[in-house]
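Visitor: Hi, could we go through this structure together? I'd like to start with the enclosed spaces and then move on.

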Amino acid sequence: MPTYRTSYCGDLRAEHEGTRQILTGWAAKRRDHGGCIFIDLRDRTGVVQLVLDPAINEKAHEEAAKVRSEYVLKIEGSARRRLEGAINPKLATGEIEIAVDSLEILNKAETPPFAIDEEANVDQDTRMQYRYLDMRMPRAANVMRLRHQASQVIRRHFDELGFLEIETPFLTKSTPEGARDFLVPSRLQAGHFYALPQSPQIFKQLLMVAGMDRYFQIVRCFRDESTRSNRQIEFTQIDVEMSFATQEDIFETVEGLTAKLWRLIDVEIQTPFLRMPFAEAVANYGTDKPDLRYDMRLVDIAPEAESSEFRVFRSVLESGGMTKGLRAEGAGSFSRREIDELTAFVGQRGAKGLAWMRCVDGKLESPIARFFSQEDLDSLSRRMEARDGDLLLFVADQPKTVHQALGDLRVELAKRLDLADPNRYEFVWIVDFPLVEWNDDEHRWNPLHHPFTSPHPDDLHLLGKDPSKARSLQYDLTINGQEVWGGSVRIHQSEVQERIFDLLQISEEEQRIKFGFLLDALKYGAPPHGGIASGLDRIIMLLTGESSIREVIPFPKTQGGVCPLTNAPTPVDPEQLDEVHIQPIEDE
């Protein structure tokens, strides 16, 4: 049997000088210098330079002349140090080269649809259509290597802590989890459907009832929802559940794992992480996933707005709304066109306008400044800590709109002002989430997380008085403005679960239909338990510094949910539809 390699291309170093090497890979570049031919041979580990000198082996030199981009090669030769002036410091293998005395073309290649070169400007859709070519490049190969390393770190971490890795079903029952289910028709049960899991939520709780105590899984999940830069309809989740564990136990477990994952990119992080109540996060940053790499907090300016003559602010306050602003340090030089762009930006988030002031020579200047007394302007300047060159921006509306608009504006300004250091990581646990939120359309309370999230024990008395003030034992870990982990302590006592169902107006019949098997299981000695989950793809995106989750998934979907490689979803034969008792409706 032939030997295809003694080393990987990217592993060769100066210390390999004098060794006999057999290498295989793809021809990245070929340079014919008249006498010698140089070929950069690439595999998933990197590139090494081959030298084909007719003085060493004329036949190998003749074969090298036939080589074109992406030909598959096998070579044999001796590793030698490059000459002093020929060392390439940009390559890990830059001190070494292979003097080839045997070259075999294992396979030819057609001209690729794009250059397999990091410097080539190729749009993402084209790269994803030919993903198998894109992954030959070092950038994509390094991402896949890091993804593998992260998976191994995760498994070792949980194994060392006594967790069991247990698989849960892909074909399961449709349950409400916040997004549309992907449905799979049953061939054997006409008119019945399985659902692909949005998460293993119910099954992992059943494993706790079963006494498995500590469970984890790296699992595929599916949500039929709109995709975006950090979300795909098909994704990989790190899923965790623990019995007889407090919220702090879960935090400690996740923080230990997170520290290990960040060591993969040579970053040491400090634990424990900062804790921030939900209400504080929203009040100061407009969001429950604040990016703490920069300050720029939201400031309530109600006292100055109330005493001003600016009717826009006063009318909003009189109708129960709020007025808040933020200080964009150094943005006082923004042009009117740029401010108009920011106005349009908050308008897309529901805000009716964006007021502004500049700080010039210690004073606030603006078309609306004349509606404020000098005393109020001075107070506003102090409250917002304005300095020369700053731009103050204000939104007046209902609280949800104000926080949405200013929270997103804060992130947009950080991009424009280059405030977010890509090499800095700020971790924060968001805690004390509201238990429920009011649904105006249905005139009922909805769970902010899911109906099995435990109320905060100190707030049980509020369930019958003022549910809007009741906190839950839900928690999220955010990193640089990205929610990365999320979970909760679960309800394990049937009487508490009944109170929550009553509050949510979920009838007994609906309970049985949607959650019957879980409710039955909870009757048989369910232990106190809680869990958490994370999107592995999103973690890899943060570790690699990629801006799109598509770059870290081996074969991702487009924004429209299409696989660019296979063009799925596609029509199927009528016979296949007949087998699962489905008759499609023609698209008008």
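Visitor: How many cavities of 30 Å³ or more are there?

Guide: The count comes to 2 cavities of 30 Å³ or more. Keep in mind that this is a predicted model.

Visitor: How much space lies in the second largest cavity?

Guide: About 30 Å³. Its lining is made up of Leu435, Val436, Pro447, His450, Pro451, Thr453, Ile500 and Leu504.

Visitor: And how does that lining split by class?

Guide: The second largest cavity has 6 nonpolar and 2 polar lining residues, with no charged ones.

Visitor: On to pockets. What about the second largest one?

Guide: The second largest pocket holds about 610 Å³ of space. There are 26 lining residues, and Ala28, Lys29, Asp40, Ile116 and Asp117 lie nearest the centre of the pocket.

Visitor: How many of the residues in that lining are charged?

Guide: 12 are charged, alongside 10 nonpolar and 4 polar residues.

Visitor: Which strands supply at least two residues each?

Guide: Strand E1 (20-32), strand E2 (37-43) and strand E3 (46-52). The largest share comes from E1, with 3 residues.

Visitor: Changing topic: how do helices H4 and H6 cross?

Guide: The axes of H4 (residues 138-160) and H6 (residues 247-263) come within 10 Å and cross at roughly 145°. The crossing is right-handed.

Visitor: Which residues meet there?

Guide: From H4, Ala150, Val153, Ile154, His157, Phe158 and Glu160 meet Thr253, Gly256, Leu257, Lys260 and Leu261 of H6. By class, that contact has 6 nonpolar, 3 polar and 2 charged residues.

Definitions and conventions:
Residues numbered from 1 in each chain as written. Predicted model: local features only at pLDDT ≥ 70, side-chain atom pairs only at ≥ 80, totals over all residues. Heavy atoms only, no water. Axes fitted to C-alpha atoms, helices over the stretch in contact; angles between N-to-C directions. Helix = DSSP H or I, 4+ residues; strand = E, 2+ residues; numbered from the N terminus. Left-handed = near helix turned anticlockwise from the far one by under 90°. Contact = heavy atoms within 4.5 Å. Nonpolar A, V, L, I, M, F, W, Y, C, P; charged D, E, K, R; others polar. 1 Å grid on protein atoms, 1.4 Å probe; cavity = no way out; pocket = protein on both sides within 12 Å on 5 of 7 lines; lining within 4 Å. Points joined across faces, edges and corners; volume = space filled by probe spheres on them.
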